[in-house]
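Here is a set of short exercises with worked solutions. Have the viewer open, try each task, and then follow the steps.

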Amino acid sequence: MIAPIELSIISVVAFVIPVLFVVVIGNDPRRLIRMSFSVSALASLFSVVAGAMAVAGHNVEQLVLPLGLPTLPFHLRLDQLSGFFIFVVGLLSFFVSVYSVGYVSGLGAGKPVKRLIVFYNIFIAAMFMVCLADDALCFLVAWEVMAAASYFLVMFEDGRSENRRAAYLYMVMAHVGAVLILLSFGVMAGVTTGFEDFSCYTFDAMRAAKFPLKWATVAFLLSFFGFAAKAGVIPFHVWLPEAHPVAPSNVSALMSGVMLKTAIYGIVRITFDIIKVFPWWWGTMVLVLGLVSAVMGVLYALMQHDLKKLLAYHSVENIGIILIGIGLSMIFTSFHLPVMAALALIAGLYHTMNHAMFKGLLFMGAGAVLHATHERNMDEMGGLIHLMPWTSAFFLVGCISISALPPFNGFVSEWLTFQAFLLSPSLPVPLMKLLIPMGAALLALTGALAAACFVKVFGVIFLGNWRGHSQHVVTEAGWSMRAGMSLASLACLCLGVLPAIVINWMDAISESLLKARLVTTSGVYGWMWLTPVDPERASYSGPLVLIGIVAVCAVTYLLLHVKPGNISRVPVWDCGFKKLTPKMQYNAVSFSMPFRRIFGFLFDIKEQIRLVPQHQHPAFPENSQYYLRVRDRFWGWLYKPVIDRVVLLSRKTGMLQHGRIHVYLIYSFVTIIVLLALL
Amino acid sequence: MNLQVLAQVNSFLAALVLLTAFAMLSQRKINSLVTLFAWQGLFLSINTAVVGFVASKHHLYISSLLTLSIKVILLPYILHVLVVRLKIRKEVETIVNIPTTMLIGIALVIFSYHLTAPVREMSTLITRSTLAVALATVMIGLLMMITRKHAVTQIIGFLAMENGLFFAATSATYGMPLVVELGVALDVLIAAFIFGIFFFHISTTFDSLSVEQMESLREDN
Amino acid sequence: MILLGLIITPFVAALILAFIGDRRFAPAINIFCSFLTLMAAVALAIEVYNHGPIIAGGKFFFVDAFSVYLSVLTAFVSMTTAVFSRGYMQREREHGRVGHVRMRFYHAMFQMFMFAMLLCLLTNNIGVLWISMELATLSTVLLVSLYRTPNAIEAAWKYFILCGVGIAQALFGTVLLYFAAEKVIGEGGEALLWTNLIGVSGSLEPTVLSLAFVFLVVGYGTKVGLVPLHNWLPDAHSEGPTPISAVLSGLLLNIALYALVRCKVLVDGSTHTHYAGNIMMGFGIVSIVVASFSILRQKDIKRMFSYSSIEHMGIATFAFGLGGSIATFGALLHMLMHSLTKSSIFFTVGHACQMHRTQEIARIKGLFKGDPFVGWSLILGAMAIAGMPPFGVFTSEFLILTATIKDVPLLAPFILIGLGVAFAGLLRKVQYMVSGDVASYFEPIKTARAPVVFHMALVLVLAFYIPDFLNKWFQAAVELLK
Amino acid sequence: MKALTLIFIEILQAIVVIALAPAFAGWVDVLKCWTQGRTSAGVMQPYRNIAKLFVKDVVIADNASWIFRFTPYLVFGSAVVVGSVVPIISMNLFLAPSADIIVVIAIFATARFFMALAGMDIGTAFGGMGASREMMVASLTEPAILMAIFTVSLAGRSTSLLHIARAFASGALVLRPSIVFAGIAFVLVVIAETGRIPVDNPSTHLELTMIHEAMILEYSGRHLALIEWGAMIRFFLFVTLGIACFLPWGIAVTDNAGDIATSVFLMVIKLGIAGAVLVLIETGLAKMRLFRLTEFLGAAFLMATLGVIAFFILE
């Protein structure tokens, strides 16, 4: 029986094989694509198994590789937490790899497919390594390799300037984040544990160490903001809506679905596993940032009409929701309420998994749509449900899930988060008592806005009539793409209908981190009912709700069709005047108009309507042009000033080098005089 | 002759070296600069010989001869030839005017005196007091390179610095080991050839030896 | 014996090449001799590794772990550079930028330069160290001005004057050192021998040595390219032929730093304070910050990378100044990684420039499509030098940073800001050059891939796995320098 | 035996819900007519409408997709499912644990989601307009409703409807400020959710003001019937939900027929009163402009928040 950690290492190594394929059979693209992605899928399955085993089997495995520095070899560790994340990453990368077989071969000639394959595999392997790493060096190496690989994947179509800009912005942000993380490791190892040798850069040593509060805070803040830059927490999110849309869709699926989650992993690892003891305001900070990201994220998403950009902003939102759970858990932990902490943590992690599934699904769907229409602007689409029935069905599943509607998975994790919120009265701090309900309200607002947003998305893309100027021949996605999407939607449904089972499985994480379990209470009604805290408090049964609705629908349908009343299909009733045109449909911009009116103060909106008046009748304009631009305010607030400062400084340093040799001699002269004077 | 006298001779020569340094600092004509440089070399070599005699260090005679041949005869000759070949007649304009340069020079002398005070404390050699002069010569050479806008004057300043160093070597520590002396001399020789080549390149490329044209590699715009 | 061979080979090679001049097989000879040098260096290294430090030639030569690892590095890089320069200079001739005479001169001086650097490393005599350093300068001055363009001559002139002045100050420092030493050891050549000096460093006069160190640090620091003595460096590196830029950036700076560190050890031994270290740390920080901010607005690709050299030399200087086993280990590793990476970058840059007939960043683009090998090695090299894993530079910077955070936490932010800004600057320009469509004036050329591949492979492997002997070496060197 | 009774109660309640909903809607219309001095069509009118729609044929736009046809069944089905978990006639429904109050709201949200999609399916301007406005109103309602729930569940220490109802029913009828505030908020929310004046006017097809009607404009025949009926049930359920949360007294705790009968009787009376209250509000207010709704729902949110604060400060 092979140990999980070995299995996961095997899978990591297995990701090298496709890279070799590129070298070996690079000249036959079709074969190359098919083989390499099937190998990646297989390798991901290994990790899925390894992760599942690691979480289920309640033990911790460690391993030291003969790599790295002489004094600091690479340490690996597979415990419940890392097992869970490996499971999630593996699951999505399995779906996406299946999907990619069709997607990548459909990219068309002239695209650097080899590059895509190479970095795709390095990227996934690096994500596994991030979860496995158990010392600062190994973690950072894996982390940066992950960043670099995804950077090259974003650069995929390097001909387009927006790709270059996005990739650059992303890389710089990622690197800054990595630097912060490095600093926080340095603080934890160098400053707090009296630095004898490199052994204190292993996480074990950090776990053992007792941190003085001051340095613990410094380390936490550094690492949190470092990870936040990766996770796209507002206000560090600017790179995200730039980078995700321009990458190939299978890559965006992975980036949005699981790469952001590695940052969540890092936060959980640092706070719950390494620092362990912290004041309650940490949790409050995380909670507040989470709320801000959730609400702002969904609002910005609502303003978009570029499909993938919209999805990217929704990643910001969902990361926010995850952080809400984690923040609550931190608050409860700091007040020594382990069971509640466990509930909140599970809620956050469950949403992590759910978001991976449905966001992956949505990006895959978006990929299929782009693939078919060569169009990213929703306002150029419409009525695709007739042309791509399968894709639309899967996409609909994604929409329902992300809108947190039963019986799909998004709802379960938000429901759990609400339950965590409802437990806040048992907090000793009055302020928290009053503030946390507000948080719950904001979460509700987020959910509702997300629903609105996805009504818009699905309605505008798949329903109604084709709005595009170019009547493009649209065909259904290929089998492998459909297979990938169907698997993901299945996962969404299962996670939504059978949460009790999954949560019993996940309970090992909270047990290992918080020494508290939910199973004791949640097991009461068996697998059909989910009763997180206690059946008296709250209960939800996915299966029954699903069955009930389906049953009633079926019964009514049958009752109404005992005598088949005939259905006549007619053109739409156009109120008797000129024929309706697709232009008259609501599109993305008009759909979100009420929201712009209400939440407009949050955006930097530029709106113009130009009417070209008819010469005889000024009352009836010839035609009108509408221009709308909605911008992120944070760029102007936070980033531009910094950039300007840096540019200014670099100009100042340029002054040093101004060509006259006398001046250079004076520098040397003055230097020596100063040094001698200081002597 | 007794040591006192020789010590006086030594310090007298040091004074002369310093004087020539100042004279170079104030001199506008390149020809006379070259001449002054030759004089400085001469004083230097005499001084070296004297010190050699005092300390009965025979390798110092060799280095004295080297100085004589290179710094008094060879280099001035090369420079002279160059000046003639490249028809450098006009006076060299300075960046800072002469009196100010003078004042700075004096300040430098005082500064280096102050700096070398501790060294003088612990030295037992009769020539110890001249270390300040040596350092001052180095500094003044550097100052000269800074204040002159002409390639040749910069080179002369550079060589003056070398003189200062050499003087320091002999005065602070009855001369460096011979191998070093030889090496330094060799380097100076090579340097001489190189700047010779340079003068031709510069004058052919920029049709003048003023350093001012060589300011195109800049980033402050 | 081996040692003598190591010293003699480049010298003889220089004479031969000067003699045969610009024949068809001259580059081959150049490569061959460099190869011989490398062999000799490796042999010497093995001997040192087995039997510890060597003193030879009547105490004239002294080889310990520190110098031998640098000489192997020097020999190696010079060989790869010779391989690279074969095709490169050939094309330069076809482009009509150099003629017969200058080719002869180029080959001869290349080897002479190697000789000077090896002499620096192997000699036991502080004075000879100084002489060979000056020799290294003089031998490269005319190589910098090889193209005879106004800019090249200007650059060479600045290089000549500034380094000359600097080195003169170093000589004054050396004189003072000797002055202090002869009190203890007695007059004559003995008093300048490192092996003797290090023995008695405890009893050397502190005030004199600290006075000497000021001159030494300004002198050798000028050659290391420490801000504000660095102004010659970007000019010289950008205007000379690319192989020369490669060796200047990759080797000469190391050698100068080596000299500085040797002196620092003596001064520390005498003063028993952190005085020398503090000065070096100060120079290091200033260099890092200024250089990284300068990178941002460079228009010339070679200038940009020469600024990054300044930055990395700043890091190494800072680390040596910081002292302590980790920092010193990191600094040694950093010197190694920087030379390998930077020289390979200059190789690729040279190719890119020849393909576009320009060094302007704005006119170089589409390398991914134009020549994937050059494009990828350029961007990977840039990432490596900017401190991205999985390349070795990251490892050494990690070591140095950990030491910094431990000893002087307040300086860490400055280094990190510098690294961040440098990363942003480098990536921005390099990304521009590699991506996009091929330029109309782009002309493909036959690239010398072996050197680049060698270097990058080494950098990559050493990041993950530092072999035991290398580790031992570094440890020994650390013991010497602590 | 026990199980059988439970199932019987469940079925009974479902039937009660499905059957009584139109009557309640009719009752509200009747009251409205009276207050406005019109003669009413009687309580049974909704039944007649539904019956009429069922016998009519279905006409569907030719570009309608399966979503358009599926939505009516979903709307109806979700309403019925919710109807079987809200304690209306009895407090021990064995299905009740399968959905707590948050789930109930979420199920309604699902129905609304599909309704909005159906509105956009045909591709007319009205459909889109209705969908957009409906989702906007919903997104503003959601926080308020959650706050109200928060208060109630704080007081009842649970989100499960049964336990909330039990907790209140067992306690004596005391006037708790938090509950009062929450109740007011809930009423406002119900008005918004069920599309009554001043948020929306169920009885108008005046193009620019309609929200709900705009979405279902394209429906006909049995589909329209199902949607109308589903909407009535939804209306009915919201009211009973309010009753169950805020004045659950009298809902049968035991299973014996007498209690259930009394609880049904009481329920009818409560509904009558509730209807009257709603009608008073409706006739008292005028339809608001769309962008004034923020103030209306803001008030609801404020009330709910006051409820929470009151709970923590005063109780």
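A definition to begin with: pLDDT is the predictor's confidence in each residue, on a scale from 0 to 100. This is a predicted model, in which local features need pLDDT of at least 70 and side-chain atom pairs count only at pLDDT 80 or more, while totals for chains, interfaces and linings use all residues. Residues are numbered from 1 along each chain as its sequence is written, and chains are lettered from A and ligands numbered from 1 in the order in which they are written.

**Exercise 1. Confidence in chain B**

Task: find the average pLDDT of chain B, and the elements with the lowest and the highest mean.

Solution. Start with the whole chain: the average for chain B is 84, and 95% of the residues score at least 70. Next, go through the elements; helices (H or I, at least four residues) and strands (E, at least two) are DSSP runs, numbered from the N terminus. Among the elements of chain B, the lowest mean pLDDT, 84, belongs to helix α4 (residues 98-122), and the highest, 89, to helix α5 (residues 131-147).

**Exercise 2. A strand shared between chains**

Task: describe how strand β1 of chain D pairs with strand β3 of chain A, and work out which way the side chains of β1(D) point.

Solution. First, the pairing, for which DSSP must find at least two bridges between two strands. Strand β3 (residues 567-570) of chain A and β1(D) are paired in the parallel sense, over four bridges. Then locate the partners: A:Ile567 bridges to D:Val58, and A:Arg569 bridges to D:Ile60.

Now turn to the side chains. In a regular strand the side chains alternate between the two faces of the sheet. For burial, count other C-beta atoms, placed from the backbone, within 10 Å of the residue's own: 20 or more is buried, 12 or fewer is exposed, and in between is partly exposed. In strand β1 (residues 58-61) of chain D, D:Val58 and D:Ile60 point to one face and are buried, whereas D:Val59 and D:Ala61 point to the other and are not.

**Exercise 3. Where chain D touches chain A**

Task: count the residues on each side of this contact, and find which helix of chain D gives the most.

Solution. Two residues are in contact if their C-beta atoms, placed from the backbone, lie within 7 Å. By that rule, 65 residues of chain D meet 68 residues of chain A. On the chain D side, the elements that each supply at least two residues include β1, α3 (66-83) and α9 (221-246). The most comes from α5(D), with 17 residues. For the classes, Ala, Val, Leu, Ile, Met, Phe, Trp, Tyr, Cys and Pro count as nonpolar, Asp, Glu, Lys and Arg as charged, and the others, Gly among them, as polar. The side of chain D that touches chain A has 40 nonpolar, 18 polar and seven charged residues.

**Exercise 4. Strand β5 of chain A**

Task: is strand β5 of chain A largely buried or in the open?

Solution. Strand β5 (residues 621-631) of chain A has eleven residues, and the number buried is one, so the strand lies largely in the open. Its pairing with strand β4 (residues 604-613) of chain A is antiparallel, over ten bridges. For a reference point, take A:Gln608, whose bridge partner in β5(A) is A:Tyr627.

**Exercise 5. The surroundings of C:Leu171**

Task: decide why C:Leu171 counts as buried or exposed.

Solution. Begin with its place, in helix α6 of chain C. C:Leu171 has 30 C-beta neighbours inside 10 Å and therefore counts as buried. Leaving out residues up to four places away in sequence, C:Leu171 touches B:Leu165 and C:Trp130. The C-alpha atom of C:Leu171 is separated by 7.5 Å from that of C:Leu216, 45 residues apart along the chain.

**Exercise 6. Backbone details in loops**

Task: locate the cis peptide bond that leads to A:Pro235, and find the phi of A:Lys276.

Solution. The bond from A:Ile234 to A:Pro235 is cis, with omega near 10°; A:Pro235 is in the loop between α9 (213-231) and α10 (239-246) of chain A. A:Lys276 is not a glycine, yet has a positive phi of about 70°. A:Lys276 lies in the loop between α11 (249-275) and α12 (280-303) of chain A, and counts as partly exposed because 15 C-beta neighbours lie inside 10 Å.
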